Amino acid sequence: MNKDQTILSLKDASLKHASLKKTSLKRLSLKAHINTLGPFSIDIKSNERIAILGPSGAGKSTLLQIMSGLHEHDGGIEFLSKPIKQMSVQELSYKRAFLAQHHETAFNLSSELIISLGRVARDHDPELVTIIKESAKAAQAEHLLERSYQTLSGGEKARVHLARVFAQLWDQQNGLLLIDEPMTALDPGLQIELLSSILTYCQDRSHTLVAILHDIQQAIEHFERLILIKNGKIIADLPSHPAPHRELECLYSMRLEKLTRPGRKDLLIPSDPGCSQAI
Amino acid sequence: MHQSAPLHGHSKNMSNQTMLLYAIALIVLITMALVAVILGPVEINYLNTLSAHDALMESYILWQVRLPRILFAIVIGASLGLAGALTQGLFRNPLADPGLLGVSSGAAAAAAGAIVFSGAWDWIMPELRVWILPCAAFCGALLVCFLLDRLARWLSPGSVMGLLLTGIAINALVAAFIGLSSYLANDEQLRNLSFWTMGSLAGANWMIVSLMMIVLLGAFIYTQRLTVQINALSLGESVASQLGINLKQLRQRIIVMVAFLSACAVAWCGMIGFISLIAPHIARVIVGPDHRQVLPLSMLFGGLLLLIADTLARTVAIPAEIPVGIFTALLGAPFFLSLLAKQRKTMI
């Protein structure tokens, strides 16, 4: 596939209300709120690394849900030059993986089994055992294979699910990996390690990576394109270099200080006067 | 979809262990069956029946009464165990059970309706009349299953409480219908009806046993293809669909299977509770939560449990026979309470 080819394109896409999961007791208010999210229009090129940034409740997760192609939607979504509505969930799962923020398991499955479920949609999978091992290694979950899920800590659970997602697209090229703040609950060291293993994984296979991130610096450092979302609308869609200082300030409604570093990307840090005095 | 269940994440050494477990469970089951053959109001000596020809009565009892009954208990128990394991997988909930959720009573209510009202349908051929009951039971079970699936997801996804309360409501509704049927029934129909509410394996004969064996074999082969997908379902519905599982299709397949198995059991033996709750639990304690093992083992344990309960029911009060449903309830209700106690954190 050509590097500049579009892998995913959204045209005025928004979620249909009926398909929303009822996670809130106040369904009416949820509906009213969802109404204002979207529609979104984006073209994503093959092999791009895109970070989605925005304050909480801005519609980042909704955008990622729309991209996953699993929910009923208005507008048009094309994945690999095909309307996503025409693709079966099985067909989609070969090329698109999704890592959510929270996970629940009903029964106490073993890590190995959970990782193997990444490849559940394949009828014939001769390489399965090797792929489980390799993807566990890539997600630094190799030592967790024998453990059962409920005995794992939060960070270990995140690694097991990352390995599951790795396994899903392990032998594919030009796929799409969607990630929803998977590293928020982890300690900083592990965050960096896992992010770099995700980046290498995608680079090795020419997978496109779309990630919702909390950390502005991680986004600027490792991703080439930023999509900024506020109040359910894309307010900016720009390259991460040079660092979009003004736009990010506007996005989070706070002041950021820009530190230029020779030979490296710019550093943006929150500059609250109160904070600096305390130091 | 899944032509064969591939070895999803299993080392060889693990499957050897599981094989051993299956072998042990099978041996226990066969031993129990052989013991159960001897027990009963009439004493039977194996050697006698095999060698001597004058032991006609013993041989008749062995071949026409005891053996079909014992096989029937195993087969019905196995289908209940399988139905239970499937229900728990579908609702992702270890407390789900076709009996507690009202699937069995739905089948029983439809069967009761059929007993009472089919008298008026003279135009149905007598040969076809035998099938009215199982068909009605299947329709009833299927209806309740679909209703449950809708209601439980609409009420509170993933909540134990919501599901069990829905089950209570459906059970109450169905009980009203059974009550109405027995109110309208004449004496003979009433006697037939009381059979449903208690559950008994006394109706065993070779025809039904072989039919149930075929049904069970078919169900087993069919569900083997779903086990890996049920595993994926326990990661949550959204994750399962991200992994390429067609949720709607999977749910429908499981529901039809559960309804079919519960209806078969209800149509021929009435309501036998709690086997479908306990068997998958024992299986899960022994082999862990992987549905590829839980399903077959639930069948083995379901068969074993019902065999024990039925043998007790036959022999405790010789020459009288206590309906086996009473025994399974005596066994199952305390077990259910202990499960509730374990789950109390997730209840709220």
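This is a short walk through a predicted model of two protein chains, A and B. Keep your viewer open and select as you read.

**Stop 1: chain A by itself**

Start by colouring chain A by secondary structure. You should find 10 helices and 12 strands. Of its 279 residues, 51% are buried. Now turn on contacts: among those with a separation of 6 or more, 70% join residues 24 or more positions apart. If you draw the surface, chain A shows about 12,800 Å² of accessible area, and carbon and sulfur atoms account for 52% of that.

**Stop 2: chain B by itself**

Next, hide chain A and show chain B. How many helices and strands does chain B have? There are 15 helices and zero strands. Chain B has 348 residues, and 53% of them are buried. Its contacts with a separation of 6 or more come to 78% from residues 24 or more positions apart. The surface of chain B exposes about 15,700 Å², with 71% supplied by carbon and sulfur atoms.

**Stop 3: where the chains meet**

Bring both chains back and select the residues in contact across the interface. Your selection should hold 31 residues from chain A and 35 residues from chain B. Together the two chains bury about 2,700 Å² here, and carbon and sulfur atoms give 63% of this area. Which three residues of chain A should you show as sticks, as those that supply more of its buried area than any other three? Pick A:Phe107, A:Val120 and A:Asp123, which supply 25% of the area that chain A buries against chain B.

Look for polar links while you are here. Four residue pairs, with both members at pLDDT 80 or more, are in polar contact between chain A and chain B. If you search for salt bridges across this interface, the rule finds zero.

Now colour the elements of chain A that give two or more residues to this side: helix H3 (89-95), strand E6 (96-99), helix H4 (111-116), helix H5 (128-138) and helix H6 (154-168). The largest share comes from H4(A), with four residues. Coloured by class, the side of chain A that touches chain B has 13 nonpolar, eight polar and 10 charged residues.

**Stop 4: an enclosed helix in chain A**

Select residues 60-68 of chain A, which form helix H2. Is this helix largely enclosed or largely open? Seven of its nine residues are buried, so the rest of the structure largely encloses helix H2. To see the buried ones, select A:Lys60, A:Thr62, A:Leu63, A:Leu64, A:Ile66, A:Met67 and A:Ser68. Then step just past H2(A) to A:Gly69, where phi is positive, at about 75 degrees.

**Stop 5: a buried glutamine**

Stay in chain A and go to A:Gln218, in helix H8 (residues 216-222). Its relative accessible area is 10%, under the 20% cut-off, so A:Gln218 counts as buried. Which residues touch A:Gln218, leaving aside its neighbours within four places in sequence? Show A:Gln191, A:Leu195, A:Leu213 and A:Phe223 to see these contacts.

**Stop 6: a methionine in chain B**

Finish in chain B with B:Met161, which sits in helix H6 (residues 160-184) of that chain. Is B:Met161 buried or partly exposed? B:Met161 counts as partly exposed because its relative accessibility is 37%, which lies between the 20% and 50% cut-offs. For a last distance, draw a line from the C-alpha of B:Met161 to that of B:Leu95: these residues are 66 apart in sequence and 9.8 Å apart in space.

Key
Residues numbered from 1 in each chain as written. Chains lettered and ligands numbered in written order. Predicted model: local features only at pLDDT ≥ 70, side-chain atom pairs only at ≥ 80, totals over all residues. Heavy atoms only, no water. Buried < 20%, exposed > 50% of the residue type's maximum accessible area, 1.4 Å probe, protein only. Contact = heavy atoms within 4.5 Å. Areas by Shrake-Rupley, 256 points an atom, 1.4 Å probe, with all protein chains shown as cover. Buried area = accessible area lost by both parts, 1.4 Å probe. Salt bridge = Lys/Arg side-chain N within 4 Å of Asp/Glu carboxyl O. Polar contact = N/O pair within 3.5 Å; in protein donor to acceptor, adjacent residues only side chain to side chain. Nonpolar A, V, L, I, M, F, W, Y, C, P; charged D, E, K, R; others polar.
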